[in-house]
Amino acid sequence: MNKVELTAKISEKSELSKKDAERALQAFIDTVQESMIAGEKVHIVGFGTFESVDRAARVGRNPQTQETIQLEASRAPKFKPSKSLKYLLNE
């Protein structure tokens, strides 16, 4: 499912216009991104938690040449699903 299909589903289920559903979805995405950039967790009960994690600098390896390379420290997004979401997926 892509963003257009998700917007259509939200519009259908919430009885909003597609334009309003698209604005709501974009507002959600923007808010989650801003919170993660600020280092905050976004916890949605029954769905999961979005957060950013820091990765330390480390030594990696180029798989083609087997040459070692230095990888810089970085931040990465992380999603941890809730127990109820895991349960729904495994019914």
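This note sets out, point by point, what a predicted model shows about one pocket, two helices and several individual residues.

1. **The largest pocket.** The largest pocket has a volume of about 170 Å³. Its lining consists of Leu-6, Leu-25, Phe-28, Ile-29, Val-32, Gln-33, Phe-47 and Phe-50. When these lining residues are sorted by class, seven are nonpolar, one is polar and none is charged. Helix α2, which runs through residues 18-37, supplies the largest share of the lining, namely five residues.

2. **Leu-6, a lining residue in helix α1.** Among the residues that line the largest pocket is Leu-6, which belongs to helix α1. Is Leu-6 buried or exposed? The relative accessible area of Leu-6 is 32%, and a residue counts as buried under 20% and as exposed over 50%; Leu-6 is therefore partly exposed. If neighbours within four places in sequence are set aside, Leu-6 is in contact with Met-1 and Leu-25. Leu-25 also lines the largest pocket. Along the sequence, Leu-6 and Leu-25 are 19 residues apart, and their C-alpha atoms are 8.6 Å apart in space.

3. **The length of helix α1.** Helix α1 covers residues 3-14, which makes twelve residues. How far should these twelve residues span at 1.5 Å a residue? The expected span is 16 Å, and the C-alpha atoms at the two ends of the helix are 16 Å apart, so expectation and model agree.

4. **The two ends of helix α1.** At the N-terminal end, α1 is capped by Asn-2, which has a side-chain oxygen 3.1 Å from the backbone nitrogen of Val-4. Just after α1 comes Glu-15, with a positive phi of about 60°. The reader should note that Glu-15 is a residue other than glycine. Glu-15 is located in the loop between α1 and α2. With a relative accessible area of 75%, Glu-15 is exposed, because the cut-off for that class is over 50%.

5. **A further positive phi, at Gln-66.** Gln-66 is not a glycine, and yet its phi is positive, at about 65°. Where does Gln-66 lie? Gln-66 is in the loop between strands β3 (58-61) and β4 (68-71). Its relative accessibility of 46% places Gln-66 in the partly exposed class.

6. **Ala-21, a buried residue of helix α2.** Ala-21 is part of helix α2. The relative accessible area of Ala-21 is 0%, and Ala-21 is therefore buried, the limit being under 20%. Which residues does Ala-21 touch, not counting those up to four places away in sequence? They are Thr-7, Ile-10, Ser-11 and Leu-16. The C-alpha atom of Ala-21 is separated by 8.9 Å from that of Lys-9, a residue twelve places away along the chain.

7. **Ser-35, a second buried residue of helix α2.** Ser-35 also lies in helix α2. Its relative accessible area is 14%, which means that Ser-35 is classed as buried. Leaving aside neighbours within four places in sequence, the contacts of Ser-35 are with Glu-40 and Val-42.

Conventions:
Residues numbered from 1 in each chain as written. Predicted model: local features only at pLDDT ≥ 70, side-chain atom pairs only at ≥ 80, totals over all residues. Heavy atoms only, no water. 1 Å grid on protein atoms, 1.4 Å probe; cavity = no way out; pocket = protein on both sides within 12 Å on 5 of 7 lines; lining within 4 Å. Points joined across faces, edges and corners; volume = space filled by probe spheres on them. Helix = DSSP H or I, 4+ residues; strand = E, 2+ residues; numbered from the N terminus. Nonpolar A, V, L, I, M, F, W, Y, C, P; charged D, E, K, R; others polar. Expected span 1.5 Å × (residues − 1). Polar contact = N/O pair within 3.5 Å; in protein donor to acceptor, adjacent residues only side chain to side chain. Buried < 20%, exposed > 50% of the residue type's maximum accessible area, 1.4 Å probe, protein only. Contact = heavy atoms within 4.5 Å.
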